[in-house]
Amino acid sequence: MKPLGYAAVQQQTVSGRDLERTLLERVTAKMRSSIDNNTDIARLHESLRLNRNIWTTFAADLASPDNMYPDDVKASLISIASYIERNTFAAAKQTSVLKSFVDINTAIIQGLEASRDVETD
């Protein structure tokens, strides 16, 4: 039997919230980079596409009857996903909208971090 590498073991032990946090951290870093280097339009469009896809996936999961989040949390997060969907094209042209995406993701990342800290105490 072939021994499992670190990546395989890590993949098996990552929680859903940790995965969500990691995805948001990665796409947020790409969007921040796009703010700092506004000459790389392709990278900006890619980061916005990824961000929209992440939030679309979150919304679909939140709308599922199997989702156990409280209704008010689900409604708030679906509202954010809707904002991201409606404003993705604007974010490509307006730095203020792009920064709002970064701020939103950063707040969600911090919330996921806080919930992880509570769960491990």
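## Pocket, core and helices of a predicted five-helix chain

The largest pocket has a lining of 15 residues, and those nearest its centre are Glu-20, Tyr-69, Leu-77, Ile-108 and Leu-112. The model is a predicted one. The space in this largest pocket comes to about 280 Å³. By residue class, its lining comprises nine nonpolar, three polar and three charged residues. At least two lining residues come from each of helix 2, helix 3, helix 4 and helix 5.

**Overall architecture**

The chain contains five helices and zero strands, and its elements follow the order α-α-α-α-α from the N terminus. Of its 121 residues, 28% are buried. When contacts between residues at least 6 apart in sequence are considered, 64% of them join residues at least 24 apart.

**The nonpolar core**

The largest nonpolar core has 21 residues, and the members touching the most others are Leu-24, Leu-48, Trp-55 and Phe-101. Each of helix 2 (16-36), helix 3 (41-63), helix 4 (71-91) and helix 5 (95-120) gives this core at least two residues. With residues up to four places away in sequence excluded, Phe-101 touches Met-31, Leu-48, Asn-51, Tyr-83, Ile-84, Asn-87, Thr-88 and Ala-91.

**Helices 2 and 3**

Helix 2 agrees with its expected length, because 21 residues at 1.5 Å a residue should span 30 Å and its end C-alpha atoms are 30 Å apart. The buried residues of helix 2 are Asp-18, Arg-21, Leu-24, Val-27, Thr-28, Met-31 and Ser-34. Helix 3, with 23 residues, reaches 33 Å between its first and last C-alpha, close to the 33 Å expected at 1.5 Å a residue. Its buried positions are Leu-44, Ser-47, Leu-48, Asn-51, Ile-54, Trp-55, Phe-58, Ala-59 and Leu-62.

**Three buried residues**

The following table gives the relative accessibility of one residue from each of three helices.

| Residue | Helix | Relative accessibility |
|---|---|---|
| Thr-28 | helix 2 | 1% |
| Thr-88 | helix 4 | 5% |
| Ile-109 | helix 5 | 11% |

Thr-28 counts as buried because its relative accessibility of 1% falls under the 20% cut-off. Leaving out residues up to four places away in sequence, Thr-28 touches Val-102, Asn-105, Thr-106 and Ile-109.

Ile-109 is likewise classed as buried, because its relative accessible area is 11% and the limit for burial is under 20%. Apart from neighbours within four places in sequence, Ile-109 is in contact with Arg-21, Leu-24, Glu-25 and Thr-28. Among these partners, Arg-21 lies 88 residues from Ile-109 along the chain, with 5.5 Å between their C-alpha atoms. Arg-21 and Leu-24 also appear among the buried residues of helix 2, and Leu-24 is one of the core members that touch the most others.

Thr-88 in helix 4 is buried as well, because its value of 5% is under 20%. Setting aside neighbours within four places in sequence, Thr-88 is in contact with Leu-48, Arg-52 and Phe-101. Of these partners, Leu-48 is buried in helix 3, and Leu-48 and Phe-101 are both among the core members with the most contacts to other members. Leu-48 and Thr-88 also both figure among the residues that Phe-101 touches.

How values were computed
Residues numbered from 1 in each chain as written. Predicted model: local features only at pLDDT ≥ 70, side-chain atom pairs only at ≥ 80, totals over all residues. Heavy atoms only, no water. Core = buried A, V, L, I, M, F, W, Y, C linked by side-chain atoms within 4.5 Å. Buried < 20%, exposed > 50% of the residue type's maximum accessible area, 1.4 Å probe, protein only. Helix = DSSP H or I, 4+ residues; strand = E, 2+ residues; numbered from the N terminus. Contact = heavy atoms within 4.5 Å. Expected span 1.5 Å × (residues − 1). 1 Å grid on protein atoms, 1.4 Å probe; cavity = no way out; pocket = protein on both sides within 12 Å on 5 of 7 lines; lining within 4 Å. Points joined across faces, edges and corners; volume = space filled by probe spheres on them. Nonpolar A, V, L, I, M, F, W, Y, C, P; charged D, E, K, R; others polar.
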